[in-house]
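Take a look at the model below. The report after it goes through the ligand site and then the domains.

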Amino acid sequence: MCPFCQRLEIVLELKGRRADVDFHVVDITRPRTPELLAKTRGTTAMPILETTDGTVLRESLVLMRYLDELFPERPVARHDVTERAIENLMTSLEGPFVNAGYRLVLNQDLTKRQSLTEALLAQYAALDAYLVQFAKGDTFLFESFGWAEAVFTPMFMRFWFLDYYEGFTLPDTETFARVRRFRDACLEHPAAQQTSREEIVKSYYDYAKGAGNGALVAGRTRSSFVFEPHWRERPWPPADKYGHSASDVELGLTRVSEVR
Ligand SMILES: N[C@@H](CCC(=O)N[C@@H](CS)C(=O)NCC(=O)O)C(=O)O
C-alpha cells in the first residue's frame with residue numbers, strides 16, 4: 001500500500017527479481033514492534049531494507065538504487081551518464097509533486113481547495129514541460145518504462161484518491177498532453193500492478209479526512225488502513241469529504257454486531 005515501497009517492488013519486477021527480496025508488511029495503525037524499532041533505531045517511516053549482512057537502509061530512492069546495483073543484470077537506471085542525469089533531474093521533481101498531491105487530499109478547508117488544486121496542476125505542468133524538453137521516447141522518458149517511471153507511477157496511482165475525493169482531473173489541454181500520455185502509460189504497465197484504484201480509494205479515506213499515516217480521525221475507532229476487515233469486503237467510502245464524515249460502520253471497518 002505504501003507508494004515508496006511500491007517503487008521497490010516495481011524495480012524488482014522490472015529486473016525479474018521480485019522473489020529475491022522478502023517483503024514484511026507493517027500495520028501502520030499499530031505501534032511498531034520493539035524488534036522493528038531496534039532495527040530502525042526508532043524511526044518509523046517505511047520502506048526499510050535489511051541487507052544480508054544486517055545493514056539497515058532506508059529512503060526509497062536510495063533503496064531503488066541499491067537493488068538496481070545489487071542485481072546488476074537488466075539495469076533499470078540508464079547506463080549513459082547524460083541519460084542518467086536526465087532521469088535524476090526528473091526524479092528531483094517528485095518531492096514537490098508528491099507534496100502538492102498530499103496537501104490537496106489532506107486539506108479540510110474548502111476555501112483553500114482551489115489554490116491547492118492549482119498548485120498541483122502547476123506540478124503536472126512542470127512535469128509536462130520537463131518531458132517535452134528531455135524525453136527521448138514518445139510515451140515514457142526513454143524508449144521504455146524505467147527509472148523515472150518507477151519513481152512516479154506509485155504516486156500517479158495514489159492520486160486516484162484525488163479523482164475520487166476532490167473530483168480532480170487533468171484538463172484536456174496542450175499544457176498537460178505530454179504528461180497525460182506519460183501517466184496513462186505508467187498506470188497500465190504490467191510491472192506496476194501491485195495495487196488498484198479500489199484499494200487506494202478505500203485505504204486512503206482517512207487522508208481525505210485530514211489524518212495521515214494511520215492516524216485516527218476524530219470520532220472513529222479504526223483507521224481506514226487496518227488490515228481487517230479486508231478492503232475488498234468494505235463498501236466504497238462516500239466521496240463528499242468536505243460535507244460528511246463517515247463512521248467506522250459506514251466504512252465497513254466495524255461490523256454492527258461488534259458495536260453492540
Ligand atoms: N522519503 C521516504 C518517505 C517514506 C514514507 O513517508 N513512508 C510512509 C508510508 S507511505 C510511512 O512509513 N509513514 C509512517 C511513518 O512515518 O511512521 C522514502 O522515500 O522512503
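## Ligand site and domain interface

A polar side-chain atom of asparagine 213 sits 2.8 Å from a nitrogen atom of the ligand. This is a predicted model. The protein buries 78% of the 510 Å² that the ligand exposes when taken alone.

Two further side chains come into the picture. The table lists the polar distances for each residue.

| Residue | Ligand atom | Distance |
|---|---|---|
| Arginine 32 | oxygen | 3.1 Å |
| Glutamate 59 | nitrogen | 2.8 Å |
| Asparagine 213 | nitrogen | 2.8 Å |

In arginine 32, the partner is an N or O atom of the side chain. The side chain of glutamate 59 also offers an N or O atom to the ligand.

Which other residues surround the ligand? Cys2, Pro3 and Phe4 are among them. So are Thr44, Ala45, Met46 and Pro47, and Ser60 is also on the list. How does this shell divide by class? Six residues are nonpolar, three are polar and two are charged.

Now for the domains. The assignment splits the protein chain into domain 1 (3-70), domain 2 (81-192) and domain 3 (208-260).

Consider domain 2 and domain 3. Their C-alpha centres are 28 Å apart. In contact are 11 residues of domain 2 and 11 residues of domain 3. Between them, the two domains bury about 940 Å². Carbon and sulfur atoms account for 57% of that area. Which three residues supply more than any other three of the area domain 2 buries against domain 3? They are Gln108, Tyr164 and Tyr165, with 64% of that area.

Polar links also cross this interface. Eight residue pairs are in polar contact between domain 2 and domain 3, counting pairs with both residues at pLDDT 80 or more. How many salt bridges does the rule find across the interface of domain 2 and domain 3? It finds one. Glutamate 166 and lysine 241 meet through their side chains in a salt bridge, at 2.5 Å from N to O.

Conventions
Residues are numbered from 1 along each chain as its sequence is written. This is a predicted model: local features need pLDDT of at least 70, side-chain atom pairs count only at pLDDT 80 or more; totals for chains, interfaces and linings use all residues. Side-chain values use heavy atoms; hydrogens and water are left out. A residue is near a molecule or strand if one of its heavy atoms lies within 4 Å of it. A polar contact is a pair of N or O atoms within 3.5 Å; within protein, one must be able to donate a hydrogen and the other to accept it, and residues adjacent in sequence count only if both atoms are side-chain atoms. Accessible areas come from the Shrake-Rupley method with a 1.4 Å probe; for residues, only the protein chains shown count as cover. Ala, Val, Leu, Ile, Met, Phe, Trp, Tyr, Cys and Pro count as nonpolar, Asp, Glu, Lys and Arg as charged, and the others, Gly among them, as polar. Domain bounds come from an automatic or database domain assignment. Contact means heavy atoms within 4.5 Å. Buried area is the accessible area (1.4 Å probe) that two parts lose on being put together, summed over both. A salt bridge is a side-chain nitrogen of Lys or Arg within 4 Å of a carboxyl oxygen of Asp or Glu.
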